[in-house]
Amino acid sequence: MDSRREFLKNSAMVGAALSASGTANLANAQDSRVQLPTPRALQLMSFFGLKYPIFQAPSNGAGPDLTASVSSAGAMGILRGTRLTPEDARKAVTIVRARTQRVFAVNYILAFEPDSLPAVLEAGAPALHFSWGLPTKEMISVMRSAGAKFGVQVASAIGAQSALDLGADYLVCQGIEAGGHVQSSTALYELLPKVLERAQSTPVLAAGGIGHGRKIREALLAGASGAMLGTRFVANARESRAPRVQESPYQVHRERNDHVGMLSGRVAGRYASLAAQLDSGALGGGWLSAGWPTAGRR
Ligand SMILES: Cc1cc2nc3c(=O)[nH]c(=O)nc-3n(C[C@H](O)[C@H](O)[C@H](O)COP(=O)(O)O)c2cc1C
């Protein structure tokens, strides 16, 4: 990852003068009066003590090594918590904490029971990151008692509002361009303004098809507080369960079409789109209840 100085230098004096509310849109990108990171990005960075307005998306390959490395570098590392036993989750959090003093989060896909949530809080996880659903009030109360922050990945304005009503500290706005099991059925830059309008001063990160600095800058100029990158980190993760993805996600995609659950919409937009359609855009839709079948078995 580039140094913070490089980020600031590369990002400086581009894009938009933010509006008074701190939001912007892509049309503003011609205006060169505003420096990056934007005020909204700085707010996010200050809230979590980050050097970069970048979150590493959770994935199966996001174990303690990746999470600790990302957090040590000054971005937000997010550890997989979904479907880990309390013992394994506690161990993973302990490893990350031993390797970095910096903030990190633990992810729960709420299509599954977050059985290990109390264990990761006991182990000292400073933040929780949820997707595919909303935490219950009981979960929030346990998290707050432990002093943990939490955020929610959302795929609609209504979903954003529900997360805000629960007091989420940040939102991730996922566009259909995203890799993984895509919640969204809307293009990122169509959805982002709607989520920003609801979020007001709550930080909103953009996710979906963002894999390099120019795209991060684009997201910040569109009003996002930061960017969440999934495929980009999976491609770098030594722990990834998909070694061939590390070699060349693009090549894998040219060869096969069963990596909907693996890679970015930037790489395989049409497959991600197919996944979203299969899931009918709803939590617990047909694709989920069928056990997330791969291509050829759908
Ligand atoms: C291989 C892979 C696995 C993923 N697994 C998860 C996951 O376990 N939980 C989750 O909340 N999001 C997961 N995601 C989705 C990310 O949260 C994020 O929305 C997405 O990676 C952003 O798009 P990008 O891959 O184009 O950067 C995954 C994404 C990828 C690529």
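**Figure 1. Helix α4 in the predicted model, residues 86-99.** At 1.5 Å a residue, the 14 residues of α4 should span 20 Å, and the C-alpha atoms at the two ends are in agreement with this, being 20 Å apart. The model is a prediction. Buried residues in α4 are Ala89, Arg90, Ala92, Val93 and Val96. These residues lie on the same side of α4, because the arc they cover around the axis is only 160°. Among the elements covering the buried residues of α4 are α3 (64-73), β2, β3 (104-109) and α5 (117-122). Glu87 and Ala98 are exposed and sit on the face of α4 turned away from its buried side.

**Figure 2. The open sheet of eight strands.** The strand order is β1-β8-β7-β6-β5-β4-β3-β2, with parallel pairing. β1 (54-56) and β2 (77-80) are the edge strands, and each of them pairs on one side only. With direction ignored, neighbouring strands of the sheet are turned against each other by 30° on average.

**Figure 3. Pairing of strands β4 and β5.** β4 covers residues 127-131 and β5 covers residues 149-154. Four bridges join the two strands in the parallel sense. At one of the paired positions, Leu128 has Phe150 of β5 as its bridge partner.

**Figure 4. Helix α8 across β5, β6 and β7.** The helix comprises residues 188-199. It lies across β5, β6 (170-174) and β7 (204-207), and runs at about 160° to β6.

**Figure 5. The surroundings of Gly159 in helix α7.** Helix α7 spans residues 157-165 and includes Gly159. Gly159 has 23 other C-beta atoms within 10 Å and is therefore buried, the threshold for a buried residue being 20 or more. Trp132 is 27 residues from Gly159 in sequence, and the C-alpha atoms of these two residues are 10.0 Å apart in space.

**Figure 6. Stretches with pLDDT below 50, residues 7-24 and 239-288.** For the protein, the average pLDDT is 79, and 67% of the residues score at least 70. Residues 7-24 have pLDDT below 50, and this stretch makes 43 contacts in the model beyond near neighbours in sequence. Residues 239-288 also have pLDDT below 50. On the same basis, beyond near neighbours in sequence, the stretch 239-288 has 97 contacts in the model. Predicted coordinates should not be read in detail where pLDDT is low.

Key
Residues numbered from 1 in each chain as written. Predicted model: local features only at pLDDT ≥ 70, side-chain atom pairs only at ≥ 80, totals over all residues. pLDDT = per-residue confidence, 0-100. Contact = placed C-beta atoms within 7 Å. Pairing = 2+ DSSP bridges. Axes fitted to C-alpha atoms, helices over the stretch in contact; angles between N-to-C directions. Expected span 1.5 Å × (residues − 1). Buried ≥ 20, exposed ≤ 12 C-beta atoms within 10 Å, placed from the backbone. Arc of directions from axis to C-beta.
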